[in-house]
Structures are given as structure tokens and as C-alpha cells.
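Please open the structure in your viewer and keep the selection panel at hand. The tour begins with the whole chain and then turns to a single residue.

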Amino acid sequence: MGNMQDKIYEQSPHFIQNWIVSIYNLLAYKKRYSGKYKYFLKAYLQKRNLSLDELKELQIEKYKELILHTKNHSEYYRNIFSKIESPEDLANIKQLPIIDKETLRNNLSDIYTVEKSEGILSKTGGTTGKSLEVVYTHDDIQERFALLDDFRNEFGYKLGKKTAWFSGKNLLSKRDLKKNRFWKTDHIHKVRYYSTFHIHGKYLKHYINDLISYKPQYMVGFPSTMYEIAKYGMAHNIDFPANIITAIFPTAETITDDIRDVLEGYFKTNLYNQYASSEGAPFIFECKNKKLHMDLKSGVFEVLNENNEPSKKGRLVVTSFTTHGTPLIRYDIGDQIELGDSNDTCDCGNNNPLVKEVLGRISDYIYSEEIGKINLGNISNCLKGVKGIIKFQIQQNVIDSLLVLIEKDDQIYSSEYEKVFLKNLRDRVGASIAIELKHVAEIPVEKSGKYRLIKNNIKEEISI
């Protein structure tokens, strides 16, 4: 919304704000679900059960189309392609340079293939650095939503089914807070947006009560927010009724085993994970068998080690087929994954290659000179056997020390639980690194509304 619209929204009563949200979405959804959207959705429905060989053939065709489009419309890539014979041949992809975030950011004006005014602008959250402004073509947006909806449709989801959404939309007024109302509702599309900026123990019972009252069929958004709500409900013996939530679709954050167990256990449903990005990364989708599949229809996935050689586990370099406006070609997205075993198969009908685990952002780790890198999944397990810690965050600002912020429940938390937590953490980071515990009233989320368990601020200093 613009400044004038923001002022009108802020001064409007709650029911008018709901309708402003509804109308805003109506305009936004026209861009997503008009044009070629239905064509793309039908095409992907027909391609769900392609064989692996057929998927690879389609990937080759889509790669060639992207490179030729980019060559004709991007000055930056035109210069790169001029030095390479047949850059549109997927077999030659390794001859192209790997582009990192800073290179992309510094060259955006020459990388864009359309003017900002002609495309659809998207800004990344910037939780680990500066934000990026990417421009999508209208076809890009419609194809991305067709891919996403084809995935969710397998579990019964369609736009218009009642949904609870947890994302970085800051829509609340002071009046809402006084009335313990932490949501706004799009009445046209039956979506209720819950704030991710007010996840505090004194508010969470109101979230749960409203979820039970609203009875959404689906939950979508930041898993860390839903996780805190679920943990609160479990800790305070607030039973969530069965057979309300059909499925949970998390976005934007890494799913650990603990997050999955808590969300599925409390809300009595299944969680189906997905991987993409605001920049437009190709998709990784979880199937009905709870296995992750790289979607070759959406792009090329390269998993590389520190020497840029193919690896089973390593950093992810992507080429996306839905980024014609701001081409992502061999883009180092800053995440890491582990591929499945070559002999591992899935009988779900999706023949795309398997991913064992999405490990998350490369910066989401703690570094100990004694142990090395300790990833997000291991850190998240520090709460085993611990009660009374609502949430915690580990910040690493120097190589030999960690600052641990703890938001606690004074009625449950004790020195004994703190000892267990410290032991769990020590088991993971080693004995030599200093650990400072700091109890705080609240751990703030990022500007995007995301909560970060780890904030590693020294990754550029680490040499392994």
C-alpha cells in the first residue's frame, strides 16, 4: 500500500480494514491468477506423473528457452554468453559463472530484462543482509503460482478454502492490541492473516482461541510462529480439536524434526514442506509420502562443495525457469541441501529426484573452533528434556563466544532446566567456546516477521 492508503487503513475501523485487505488481495490475485495461470495449472496437472527421462527432456527445453530469452533481453548476460559456445545447451552450464547475491544486487539494472514498471516487483526479506529487488514478468508470477497450487491441490487446497495465514504482514492497529485481536480477514477469499509480530506468551491464548473458533482448513506461513502457538497450547493444556486442519504448508523457514513433531502433534494434521525463495528459486516439494522432490520442471539444481564440484551435500546453486524478468542463472542462493541416495525411490507418482534434507541457510549455523559448523537442526534440539523456555536465540558476534537470549516462563523455568539446556548446548558446540545466557522479556522477530533461531554475524571471518 502507498502512504495515503496506509493512512486511510490505519484510521479505519476493524471491519473496514478487513474489506481493505480483501480488495487489496483481489487486485493482487488478478496478477497471479489471470493471463496464463490456468494454462500453466492445467499443463502441470498433466505433467505430474512424467518419467524421470521425460522430466529431464522438459528441463533441457525450458533451460534453452530461458537462456535464449536472457541473451536477447539482458545486457549483463549478453556479455557473458558471447564468450561461451552454445550457452543454451544445458550440457555447457558449468562454463557459466556462479552468481552470488552481491553480484546480483550490484548488477541488477543490467540483468533486468524488463522495466520495473512493466513487470511485478518483489523484494526479498533481507534477514541476512540487504534486501534484493527482483522483477518478474507477469507470466513468471502466474507460472510460479501454478506450480505452487499444483503442489497444494494434491492435498485438497484451493483458493477460497478457509485458510489461516502467518506471514510478514503488519496489519494491526493499537485498537486491535487493546482488544487482543491479532488478525485481519480477507472475506472474499476466506483468508485470515495472523500477525507474526506479536508472538508473546501474554497473547498466544488469543491466537489459539481464535483458530479454534475460525476453524481454518489450512495453515500457511512461517513455521516458527505456528510452532510458538502450538508449544504454548501444549504447555497450558489447551486441546486443539481434531479434524479441523487438513494440512499445514510452511514457508520461508527451515523445518526441523522438532518443529514438524510439534506442529503435527498439536494441530493433529500433516505438514507438507516446500522450498523456494522470494528471488524466484525453483521448487522443492514434499509428497504425500513425506519425501522431498526437486521439481525439474521449475529449474536446474546444482549441489556443490567448497571447490564448486558436484556433491551429495553442499551449497545450492540454482537456475530458475520462472525468472525471465530477473534471470537467476547459476545463482548461489545461500542455502544448502543434501540429496537422497541414488537408489532411493518413491511410489507417490512424482518421479523427480529426491532430496534427503533442506538444511537451510548457510549462515544458520554456529561455528566452534573445537567442533566446526553446528547446523540449525542440531541447535534446535537443545530443548530436549527442557521445560520453561518459550524460545531462545543464539547470536555469534565473535569466534570464541556465544550470546544466548532466553525468553522464559517464570512459572515453569528453573535452574535445573537451565542446566539441562546448557548441557545440551555444550554437547553440540564443545567445551572451549564461551556461552553467555541472557534472560529477556521478548526476542524480537526480523523486519520481515520471521524469527531466527541463529544469528551468525561472523560468517565472513570464518575460514574452514
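Begin by selecting the charged side chains of this predicted model. The chain carries 66 positive and 61 negative charges, and the mean positions of the two sets lie 7 Å apart.

Next, display the whole chain as a C-alpha trace. Along its principal axes, the trace spans about 65 × 55 × 45 Å. The radius of gyration is 23 Å, which agrees with the value near 23 Å that a compact globule of 464 residues would have.

Switch now to a cartoon view, in which 14 helices and 21 strands make up the secondary structure of the chain. Of the contacts with a separation of 6 or more, 67% join residues that are 24 or more positions apart.

Then show the surface. The chain exposes about 21900 Å², of which carbon and sulfur atoms supply 48%. Of the 464 residues, 54% count as buried.

For the final stop, select helix H8, which covers residues 138-153, and find Asp-140 within it. Is Asp-140 buried or exposed? Asp-140 is buried, yet it has no salt bridge. The nearest side chain of opposite charge belongs to Arg-144, at 7.8 Å; a salt bridge would require a side-chain nitrogen of Lys or Arg within 4 Å of a carboxyl oxygen.

Finally, add Phe-321, Thr-322, Thr-323, His-324 and Gly-325 to the selection: these are the residues in contact with Asp-140 once its neighbours within four places in sequence are left aside.

Note on methods
Residues are numbered from 1 along each chain as its sequence is written. This is a predicted model: local features need pLDDT of at least 70, side-chain atom pairs count only at pLDDT 80 or more; totals for chains, interfaces and linings use all residues. Side-chain values use heavy atoms; hydrogens and water are left out. Helices (H or I, at least four residues) and strands (E, at least two) are DSSP runs, numbered from the N terminus. The radius of gyration is taken over C-alpha atoms; the globule rule is 2.2 Å times the number of residues to the power 0.38. Buried means under 20% relative accessible area, exposed over 50%, partly exposed in between (1.4 Å probe, protein chains only). Contact means heavy atoms within 4.5 Å. Accessible areas come from the Shrake-Rupley method with a 1.4 Å probe; for residues, only the protein chains shown count as cover. Lys and Arg count as positive and Asp and Glu as negative; His and the chain ends are not counted. The place of a charge is taken as NZ of Lys, CZ of Arg, CG of Asp or CD of Glu.
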